[in-house]
Amino acid sequence: MPVPVPTDDPISLLLSPPPNETSEEAALRLAKEAEARRVSDEIDRKLQVERDALKNQNVLKMLLLGQSESGKSTTLKNIQRIQAPDSWEAERRAWRTVIHLNLVRAVNTILDALQSEVAQVSSFHPNSPPLDPLSDSDDDHDLSFRQPPSSPPPPSRVPSHLLERHSALRLQFAPLRRVEEDLKMALGAGADEITDVASSHGHAMVATPFDATSIYSTSMSSNDSHTRRSRGREPSVRSHDAWKSTVVNGRTSTSPGARRGTGSSPKGENTEVIAMFRSDIKALWKDDGVREVLARQKVILGDSAEYFFKHVDRIASRHYEPTDDDVVRARLRTVGVQEYRIPFIRAAAVDREFIGKEWRIYDVGGSRTMRAAWLPYFEDVQAILFLAPISCFDERLAEDRSVNRVKDSFILWKSIVGSGLLAKSIIILFLNKCDLLDKKLKGGVSVKKYIPRYGDRENSMPVFGRYLREKFRDYMNEYSPERRPFYGYLTSVVDTKATAATLTSIQDGILQGYLEKGMLL
Ligand SMILES: Nc1nc2c(ncn2[C@@H]2O[C@H](COP(=O)(O)OP(=O)(O)OP(=O)(O)O)[C@@H](O)[C@H]2O)c(=O)[nH]1
Ligand SMILES: [Mg+2]
């Protein structure tokens with residue numbers, strides 16, 4: 001006797017057999033469901049084994065969360081630098097390839113901007129397409145964002161010398177296109193930035209990790225709707241150092257010949273080519289006309305581009321060895337979830353009981369295409385370090401141009417602090433990129449234009465930073481299932497000295513708290 005399906009229950013609707021199903025179809029459907037359940041149970045079993053192992057080892061589990069380019073991997077580098085100096089040193093060399101890619105990509109982006117200027121596609125704004133403004137009636141009840149409509153670009157005032165030289169420049173820099181392709185090949189998927197949803201390679205776009213529900217989510221033990229898990233893809237922890245050993249050992253040559261399968265070019269050819277272009281790159285960056293084109297087209301070169309151009313003499317040299325600061329500035333997008341094991345070396349200062357114990361840190365890819373993969377890591381997490389970049393109050397997500405980046409951080413934050421699954425976790429907030437915010441506000445960008453309710457408060461980094469900090473705190477108080485302390489820091493994680501001090505005191509505080517509760521021993 002078929003059970004009537006309540007029409008208002010989407011899960012039951014999904015699970016109910018299709019009308020007029022034949023017995024063969026029913027058998028096939030049931031077999032598929034049984035297989036999916038088997039896979040799902042296997043995932044649960046593996047995760048449980050992992051959890052039990054962690055408990056036995058007295059490991060503290062920490063997640064780094066936040067949108068893409070919020071500074072999660074940069075924070076992790078700070079942690080590695082302080083707490084795992086040997087592996088930090090061993091990996092230094094590998095970052096050279098990433099830094100070279102960052103530099104070459106920035107040069108090629110400048111050339112693309114010149115190209116579009118010359119082609120007089122002057123209405124084309126690669127980084128800021130006109131959109132409907134986000135109005136005050138937006139759903140964010142006490143803080144709304146406005147994206148002022150893009151005004152038409154002013155007529156090109158680019159000096160004619162640059163326009164005339166443009167074709168020559170393109171020819172002159174042509175070898176750097178090939179170098180970019182080679183370096184990307186060597187570094188793998190993370191070498192490409194996600195530019196829009198079309199480049200998400202079929203990954204589901206979700207605003208929060210809890211939005212990825214599936215028909216099997218009802219079998220979760222917790223009754224918190226936020227704990228529903230997508231069972232579509234097996235959770236995977238990627239090895240984070242695959243590209244590092246590749247570029248250091250030269251298993252994949254970064255030479256153009258190797259890319260085409262001939263393997264004929266000597267290793268290190270790309271470094272040679274980049275070194276040959278040192279003075280040309282310097283001249284390009286210093287050219288006022290170039291600056292004007294970049295400003296006019298609102299081209300975003302990446303947060304570290306300016307730093308790499310500033311240090312091009314060192315970086316574009318044949319014997320370049322990255323410094324600590326260079327490594328911290330290097331940008332490589334995180335793909336999936338990456339696990340790091342880091343000992344508590346400062347722990348002796350807190351209590352010698354901690355000697356031999358370690359952090360298990362998970363660094364996640366932050367774009368909306370990656371967030372579904374976070375959820376399996378939420379159980380038994382002791383600490384979450386949440387990064388919200390606050391310099392980007394006037395920017396939109398690369399993967400969804402309709403969403404303001406600070407608003408996206410609020411959406412994510414509310415879902416994390418509001419999750420029953422994470423109710424016992426310590427949550428620490430870094431309101432990051434304060435250095436860039438300071439520069440932006442001093443450069444004349446007005447907060448009020450994008451956040452009308454900011455009103456006539458001072459347009460300065462400390463005041464706006466504190467204002468946002470209060471908003472995050474209020475949301476935590478409003479959304480947390482149980483009361484929890486708020487730890488919010490205004491940070492610039494590229495400042496390694498200040499970040500080291502902050503991280504050390506946070507670690508000591510967390511360890512002390514756990515020690516007092518007897519949860520680690
Ligand atoms: N100036 C400045 N740059 C920063 C800061 N934090 C991070 N960056 C830079 O911003 C870029 C992105 O940082 P990542 O740490 O790679 O960002 P992420 O959150 O790991 O990004 P995904 O891996 O895509 O999720 C890098 O070039 C960093 O050097 C900061 O506080 N100030
Ligand atoms: Mg990352």
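**Stop 1: where two helices meet**

Select Phe-410, Trp-413, Lys-414 and Val-417 in α15, then add Phe-472, Tyr-475, Met-476 and Tyr-479 in α18: these two sets of residues meet each other. Keep in mind throughout the tour that this is a predicted model. Colour the contact by class, and you will find seven nonpolar residues, one charged residue and no polar ones.

Now show the full helices, residues 405-417 for α15 and residues 461-479 for α18. How close do the axes of α15 and α18 come, and at what angle do they cross? They come within 9 Å and cross at roughly 35°. Turn the view until one helix lies in front of the other; the crossing of α15 and α18 is right-handed.

**Stop 2: just past α15**

Follow the chain out of α15 and pick Gly-420, which sits in the loop between α15 and β6 (426-432). Is Gly-420 buried or exposed? Gly-420 falls in between: it is partly exposed, because 15 other C-beta atoms lie within 10 Å, and the partly exposed class runs between the cut-offs of 12 or fewer for exposed and 20 or more for buried.

Try a distance here. From the C-alpha atom of Gly-420 to that of Asp-303 you should read 35 Å, for two residues 117 positions apart along the chain.

**Stop 3: the far end of β6**

Carry on through β6 and select Lys-433, in the loop between β6 and α16. The phi angle of Lys-433 is near 65°, a positive value in a residue other than glycine. Lys-433 is buried, because 26 other C-beta atoms lie within 10 Å.

For another lysine with a positive phi, go to Lys-298, where the angle is near 50°. Lys-298 is found in the loop between α11 (288-296) and α12 (305-310). With 14 other C-beta atoms within 10 Å, Lys-298 is partly exposed.

**Stop 4: the ligand**

Centre the view on ligand 1 and show what is around it. The shell holds 25 residues, and the closest are Gly-71, Ser-73, Arg-331, Thr-334 and Gly-366. The elements giving two or more residues to this shell are α3 (72-83) and α16 (434-442). Which element gives the largest share of the shell? That is α3, with three residues. Colouring the shell by class shows 14 polar, eight charged and three nonpolar residues.

Next, colour the two domains separately: domain 1 is 56-90 + 200-239 + 334-517, and domain 2 is 95-133 + 158-196 + 241-329. Why does ligand 1 lie between them? Both domains give residues to the shell around ligand 1, so the ligand lies between the two.

**Stop 5: along helix α5**

Select residues 95-118, helix α5, and pick out Thr-97 within it. Thr-97 is buried, since it has 26 other C-beta atoms within 10 Å. Add Thr-271: although 174 residues separate it from Thr-97 along the chain, their C-alpha atoms are 8.8 Å apart.

Ser-116 lies in helix α5 too. Ser-116 counts as partly exposed, with 16 C-beta neighbours inside 10 Å. A line from Ser-116 to Glu-358, C-alpha to C-alpha, spans 51 Å, and the two residues are 242 apart in sequence.

**Stop 6: helix α2**

Move to helix α2, residues 23-57, and select Ala-27. Ala-27 counts as exposed because it has 11 C-beta neighbours inside 10 Å, and the exposed class takes in residues with 12 or fewer. How far is the C-alpha atom of Ala-27 from that of Ser-492? They are separated by 58 Å, with their positions 465 residues apart along the chain.

**Last stop: the whole chain**

Zoom out and switch to a cartoon view. The protein chain has 19 helices and seven strands. If you colour by burial, 35% of its 521 residues count as buried. Of the contacts in the chain with a separation of 6 or more, 78% join residues 24 or more positions apart; the helix contact from the start of the tour, with Phe-410 in α15 and Phe-472 in α18 among its residues, makes a good place to return to.

Methods:
Residues numbered from 1 in each chain as written. Chains lettered and ligands numbered in written order. Predicted model: local features only at pLDDT ≥ 70, side-chain atom pairs only at ≥ 80, totals over all residues. Near = placed C-beta within 6 Å. Helix = DSSP H or I, 4+ residues; strand = E, 2+ residues; numbered from the N terminus. Nonpolar A, V, L, I, M, F, W, Y, C, P; charged D, E, K, R; others polar. Domains from an automatic or database assignment. Axes fitted to C-alpha atoms, helices over the stretch in contact; angles between N-to-C directions. Left-handed = near helix turned anticlockwise from the far one by under 90°. Contact = placed C-beta atoms within 7 Å.
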